[in-house]
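These are my notebook entries on a single chain. I set down what I looked up, entry by entry.

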Amino acid sequence: MKWVGKTACAVVIVGLVSAGALYWAGSRDGQMVASTLPAGKASPEIIARGQYLADIGNCAGCHTAVNTPLFSGGSALKTEFGTFYAPNITPDAQHGIGNWTADDFWHALHNGKAPNGALLYPAFPYQSYSH
């Protein structure tokens, strides 16, 4: 019977170590590569790349409600966690993400974190955009 107790203890320890490792891996912010972009106005190449990425990421699908301007938000997303409303991701400084830095945007896409550190998950599937 002693081996049952030792086995149970070992399973609990392995489980706790595994859970801790998974938590640590998922909570790291990662390297910020966006700050390596040139400061100032974006080049036509960067704008074209952003348009391409927005198209293949289907950003408009969630961030554009019916009969509203592109990326202005408002679409209702019904999930098992409740209904979420997609935010405005236009460059508008007051209502959109115009005040975000390149690093803020990178953190949202790669770590699922808003500039204030709030988690965007489960509404935002950042794991789909982190590679």
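Entry 1, a term fixed beforehand. I call a residue exposed when its relative accessible area is over 50%, buried when it is under 20%, and partly exposed in between.

Entry 2, confidence. I note that the model is predicted. I looked up the pLDDT and found a chain average of 80, with 79% of the residues scoring at least 70. I then asked which element has the lowest mean pLDDT and which the highest. Helix H1, residues 2–27, has the lowest, at 68, and helix H3, residues 59–63, has the highest, at 91.

Entry 3, overall make-up. I recorded four helices and two strands in the chain. Read along the sequence, they give me the pattern α-α-α-β-β-α. Of the 131 residues in the chain, I find that 18% are buried. The chain exposes about 9,800 Å², and I note that carbon and sulfur atoms supply 64% of that area. I also looked at contacts with a separation of 6 or more, and residues 24 or more positions apart account for 26% of them.

Entry 4, helix H2. I checked the length of H2, residues 44–56, against its expected span. At 1.5 Å a residue, its 13 residues should span 18 Å, and because the end C-alpha atoms are 18 Å apart, I record agreement. The expected value counts one less than the number of residues.

Entry 5, positive phi angles. I looked up Asn-58, which follows H2 and has its place in the loop between H2 and H3. Its phi is positive, about 55°, although Asn-58 is not a glycine. I find Asn-58 partly exposed, with a relative accessible area of 49%. I then turned to Asn-67, in the loop between H3 and S1. Asn-67 is likewise not a glycine and has a positive phi of about 60°. Is Asn-67 buried or exposed? Its relative accessible area is 80%, over the 50% cut-off, so I enter Asn-67 as exposed. I also noted Gly-112, just after H4, with a positive phi of about 65°.

Entry 6, cysteines. I looked for disulfides and count zero. Cys-59 is in no disulfide, and I read 8.5 Å to the nearest cysteine sulfur, that of Cys-62. Why is there no bond from Cys-62 to Cys-59? The sulfur of Cys-62 is 8.5 Å from that of Cys-59, its closest cysteine sulfur, which is too far for a bond; the pair would have to lie within 2.5 Å. I find Cys-59 partly exposed, at a relative accessible area of 24%. Cys-62 is also partly exposed, at 34%.

Entry 7, the strand pair. I looked up strand S1, residues 76–79, and strand S2, residues 82–85, and found them antiparallel and joined by four bridges. The connection from S1 to S2 is a hairpin through two residues. I asked which residue of S2 is the bridge partner of Ala-76. The partner of Ala-76 is Tyr-85, and Leu-77 has Phe-84 as its partner.

Entry 8, helix H4. I asked which residues of H4, residues 102–111, are buried. I list Asp-103, Asp-104, Trp-106, His-107, Ala-108 and Asn-111. For reading such a list I keep in mind that an α-helix has 3.6 residues a turn, so residues three or four places apart point the same way.

Entry 9, Trp-100. I located Trp-100 in the loop between S2 and H4. At 28% relative accessibility, I count Trp-100 as partly exposed. I then asked which residues Trp-100 is in contact with, leaving aside its neighbours within four places in sequence. These are Phe-105, Ala-108 and Pro-115. Ala-108 is also among the buried residues of H4. Lastly, I looked up the separation of Trp-100 and Ala-114, which are 14 residues apart along the chain, and their C-alpha atoms are separated by 9.4 Å.

Key:
Residues numbered from 1 in each chain as written. Predicted model: local features only at pLDDT ≥ 70, side-chain atom pairs only at ≥ 80, totals over all residues. Heavy atoms only, no water. pLDDT = per-residue confidence, 0-100. Pairing = 2+ DSSP bridges. Buried < 20%, exposed > 50% of the residue type's maximum accessible area, 1.4 Å probe, protein only. Contact = heavy atoms within 4.5 Å. Areas by Shrake-Rupley, 256 points an atom, 1.4 Å probe, with all protein chains shown as cover.
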